[in-house]
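Me: I have a structure open here and would like to go through it with you piece by piece. Can we start with how some of the helices pack, and then move on?

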Amino acid sequence: MAIGLVGARNLGRLSRRSGGILTDALLLALILAALGVLLLYGRQATGGYHRAADIDLSITSLPGYAALSLARCLAAFVLSLLFTLVWGSIAAHNRRAERIMIPALDILQTIPVLSFLPPVTLALIMLVPGSEIGLELACIIMIFTGQAWNMAFGFYQSIRSIPPSLYEVAKINRLGSVRTFLHIELPGSMIGLVYNSMMSFAGGWFFLTTIEMFTLGQRDFRLPGIGSWLATAQQEHKWGLVAVGSLALIILIVGTDQLVFRPLLVWAQRFKIEEQESSQPPRSWIVSLWRRSPIVRMLRRRRDARLAVRHGSQSSKRPRRAEGHHTALWCGVLKPVRGLALLAGAAAMAWGLYELVRLLIPLEWSSNQGSGWGDVLAGLGLSFARVVAVLVIGSIWTIPMGLIIGRSSRLRSWLGPVVQVVASYPAPAYFVLLTVTLGSLGTPFWFIAPLLMLMGSQWYILFNAMGGATAIPADLLEMSRIQQLGWWARFRKVEAPAMFPFLITGWVTAAGGAWNTTIVAEYVQTSVGPEGVHETLGIGSLIASATDQGDYAVLAAATLSLAVFVIVFNRLVWSRLYGLCATRYNLQS
Amino acid sequence: MVSAQLGTTFNPEYLSMSIDHPICEARALDVSFGSPAVEVLRGVDIEVRPGETLAILGPSGCGKSTLLRALCGLLQPSGGEILANGTRLEGVHPGVSIVFQSFALLPWLSVQDNVGLGVNGLDLTDEVARRRITECIELVGLDGFEHAFPKELSGGMKQRVGIARALARSPQLLCMDEPFSALDVFTAETLRSEVYRLCREADEDLDESRAIEGLRSVLIITHIIEEAVFLADRIVVMSARPGEVQCVIDNTVPHPREYHDPAFESMVRRLHTRIVEGEDLDEFDQVVGTADGRLEVLPEVTMSEIIGVVEVLHDHGNSMDLFDLDEETEEELGRLLSLVKAGELLDLVDTDGNRVSVTAAGTSLLGAESSDRKDVLASQLQRLNVMQWVIEQVSQSGEDGADREDLEVALVRRQPHGASTLHSLLAWARFAEVLSWTAEDGTITLGGAVYRG
């Protein structure tokens, strides 16, 4: 969920950041230029890949496929982690870089993952021809684009919120930049890092079915994995297998969450900066089990003893004197190099933009054999209407539901995990099933598409409504009982305003999710061949069908309009609402 | 506290340094932050001499902590220079360590490892370093807690870790940035007397036992007069906005020091008087009764606090000594002075030397019914030039009222503390219903109509 998760937190910051429109425009141009170059490559890549791996639909092959998918997610995660550490720490330390790098994350995450898919795939296949490695790499990079931005932003924010006195400790005690990173910054941002990793990893599953199996022009791309297994089973209408595959996917998702990320989150609590114990620390059954085990206890005691012996000085023997000299030298070399790099960058950007424009010029207002600008704008409008509808419908049921669940600790304790599992299950994995089922009941597809979007994004509102309901101060609720407010007055005067900041976060995240889901919700392929395609006009279906048909002009036009629209909307609407949250609806002041 | 023999290796960097030079010295130091620049320190000259305990005493916001960080080389001054042992300081001062107000312990390291950070980068063998860590932990009385984590410790124990970490560096100069103000009263008192003993031992060790090797001087930052008198050999009194050295006083109270010793009490009173006098000269005369239409600088206090001070004075026979008023209200002296100054600006109180008394307007304010109080305050507010100016600006901007940000920009152009002055003025004027303003769109209108309903 690229747009959603980061968007929510970025916007809080954006509302405080003034100006920046120029930076935004520049960065958007830069990223679009990159897209232009990639598309150029993609268009030229014609040969190379033919084989569509056959997906073996037997149950015995499922564990192997699941392992392959998991490995892809892990590889992408490692890549994201590296990206995060580098990008986040540079942005946190270099003022000038920060001004570019943080808005860049913001813009990158508004560009839907799937727009990257065709150019990245084709470019990589061309680079690594004759094997599936290029396709594998492409798939990993796709998952990466769904994970990395959120983590990088979270890491950057954690570093920025480390108390300055800790940095002063580092300076006074001459820790140097490497040890400052290892001893202060990395531990200090560990909770944020683990938490965002958990969210990102869960987000990585979302497009699995789409990424492991897709068509580009005439070519059919498949990678063995649980996503392609599920997609194939659905297209062949083998519902029994779909059920088995879904169960396996749930086990995979819940398994990684419970066995890996929960324990990590508990472990990370030791890195909490406020030195008080929190009232409700996260818990993990696996950690409790681990701690209770007598063998583990014994091992721990022995390790502690060993550590005690080994601990002593951590002194580095030689003070580094030559540092200043080196820096001066570097500056002398770096200055011209940096100038050249800037020039080269500008040239590359101009070239990329030129390619993009050249790609877009042939696109007419409306053309009879394909789509034109008119369709793109109409699609944008229609998709926007769907997104709004999703938010309204989603809010109508999730807000009261969230209030009920959030206010009762008993309900929360057993419904919470259920909601979590339902929400973490990637909605696109059952879109075909839903489309076929509803279609057989005679439901038109224009009605099904927003429903699919709703399935993909309503959970964010529900989660935040639950969180907001839990956070309503008890004395406000007691006051409303003393004043004998009716349920409507209580909702309007007390609950809704108190939940407002949470709801904004929920809406921003859900809107991001809904935009992203348009691509898989407005265009569903229920069986192999052109007669199995269900689509309704929208920005998502334009992107998806352009991908299918290899129509790069439309793909570029649609991506461009969507990115610009989402960015402008964020700046004009969401960040203002965030401002309102910080002033009027702030319960702290 | 035990005096312990710390490691034997001496940090070689100190050897070359002459005893005669001050360990740390600021010359004509200016520090400003942000743009437009806000002046935090102006023309500060101070020195920390070898073997002394120096206290920097001043109200909050006078730039004490900034001064400390500049002396340590943690921030770059915008003017003037810092000398360390007689040479111009580049980067972080090699012989200092800091005890922080907020402890600044790394929560993910044990007590031992936190203290271990203190010896990082020193040229010590593992053996010596380990011994020094153990000794410092013993010195602050934390033996047995080596493997505990900061969150398991109470505030006082955390600060002991902070002190041990600072001592482990065997610094020439131990800087303490309000080290006791995050602690409760009793813990602070205990720790204060332990630090007192530490300073005394450091003093004596120059001649004999070398109890805390290398440590020559202590620099302590505080806003509490008694703390400065208790610990320091010399006391630097600072005034605020911008931070300037008001005076430097030699503390002649003999050791061992006791709070109820007459010499101690008279020193406290003397400092008290100096601070009040300094404030008088600096600011009261400057702004009170400015006939030339200069816009006054208003302190950042609330109207209820000002009225509170008038009430207290009224309860004590309408007139009180500043020192007694300070005792009575238990306010920090700097803040109390701001309150008295605000009362004087509004002509609710009058000062004569150290004596504060209630004026006629003050008496009529206290006598008035609650609805009439606003009228009294309104007419007192109208006496301020800055109030007149704001009213004029607002009435010129028509029906919709004036924009707060525009007003602030205009006021900042006319006087250096425009932002904080406007902040106080708007709060006071809103209280007295002279103006009203809405926080969301930031418009200011005349009269109190908007928020009455």
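Me: Which hand does the crossing of α9(A) and α12(A) have?
Reply: In this predicted model, α9(A) passes α12(A) in a left-handed crossing.

Me: And at what angle do the axes of those two helices cross?
Reply: The axes of helix α9 (residues 190–204) of chain A and α12(A) cross at roughly 165° and come within 8 Å, and α9(A) and α12(A) are therefore roughly antiparallel to each other.

Me: Which residues of α9(A) and α12(A) meet there?
Reply: From α9(A) the contact takes M190(A), I191(A), V194(A), Y195(A), S197(A), M198(A), F201(A) and A202(A), and these meet T256(A), D257(A), F261(A), L264(A), L265(A) and A268(A) in α12(A). Sorted by class, the residues of this contact are 11 nonpolar, two polar and one charged.

Me: Staying in chain A, how is it divided into domains?
Reply: Domain 1 of chain A covers 21–274 + 281–294, and domain 2 covers 366–589. Between them, 35 residues of domain 1 of chain A are in contact with 33 residues of domain 2 of chain A.

Me: Which element gives the most to the domain 1 side of that contact?
Reply: That is α2(A), with seven residues on the side of domain 1 of chain A that touches domain 2 of chain A. Elements that give two or more residues to this side include α2 (21–44), α5 (113–127), β1 (213–216) and α12 (239–268) of chain A. By class, the side of domain 1 of chain A that touches domain 2 has 22 nonpolar, 11 polar and two charged residues.

Me: Now chain B. What are its domains, and how many residues does each give to the contact?
Reply: Chain B is divided into domain 1 (12–275) and domain 2 (292–453), and their C-alpha centres lie 38 Å apart. The contact takes 10 residues from domain 1 of chain B and seven residues from domain 2 of chain B. On the domain 1 side, helix α8 (residues 262–287) of chain B gives the most, with four residues, and the residues of that side divide into four nonpolar, four polar and two charged.

Me: Back to helix pairs: how do α4(B) and α5(B) cross?
Reply: The axes of helix α4 (residues 126–139) of chain B and helix α5 (residues 155–168) of chain B come within 9 Å and cross at roughly 140°. That angle makes α4(B) oblique to α5(B), and the crossing is right-handed.

Me: What meets what in that pair?
Reply: R132(B), I133(B), C136(B), I137(B) and L139(B) in α4(B) meet A164(B), L167(B) and A168(B) in α5(B). Seven of the residues in this contact are nonpolar, none is polar and one is charged.

Me: Let's change to sheets. What is the strand order in the four-stranded one in chain B?
Reply: The order is β2-β1-β4-β5 (chain B), in an open sheet with antiparallel pairing. The edge strands are β2 (38–48) and β5 (87–88) of chain B, each of which pairs on one side only. Strand β1 (residues 24–33) of chain B is joined to β2(B) by seven bridges, and the bridge partner of S32(B) in β2(B) is E39(B). Helix α2 (residues 64–72) of chain B packs on this sheet, where it touches β1, β2 and β4 (79–84) of chain B, and its direction makes about 120° with that of β1(B).

Me: And the sheet with three strands, which of them stand at the edges?
Reply: This open sheet has the order β11-β13-β12 (chain B), with antiparallel pairing. β11 (319–321) and β12 (349–352) of chain B stand at the edges with a single partner strand each, so one side of each is left without a neighbour in the sheet. β12(B) and strand β13 (residues 355–358) of chain B pair over four bridges, and V349(B) stands opposite V358(B) in β13(B). Helix α11 (residues 333–345) of chain B lies across β12 and β13 of chain B, running at about 115° to β12(B).

Me: Last topic, backbone oddities. Where is the cis peptide bond in chain B?
Reply: A cis peptide bond joins H255(B) and P256(B), with omega about -10°, and P256(B) is in the loop between β10 (244–250) and α8 of chain B.

Me: What about phi of R174(A)?
Reply: Phi of R174(A) is near 55°, a positive value in a residue other than glycine. R174(A) is in the loop between α7 (164–172) and α8 (176–188) of chain A. Most residues other than glycine have a negative phi, and most peptide bonds are trans.

Methods: Residues numbered from 1 in each chain as written. Chains lettered and ligands numbered in written order. Predicted model: local features only at pLDDT ≥ 70, side-chain atom pairs only at ≥ 80, totals over all residues. Axes fitted to C-alpha atoms, helices over the stretch in contact; angles between N-to-C directions. Parallel < 35°, antiparallel > 145°, perpendicular 65-115°, else oblique. Left-handed = near helix turned anticlockwise from the far one by under 90°. Contact = placed C-beta atoms within 7 Å. Nonpolar A, V, L, I, M, F, W, Y, C, P; charged D, E, K, R; others polar. Pairing = 2+ DSSP bridges. Domains from an automatic or database assignment.
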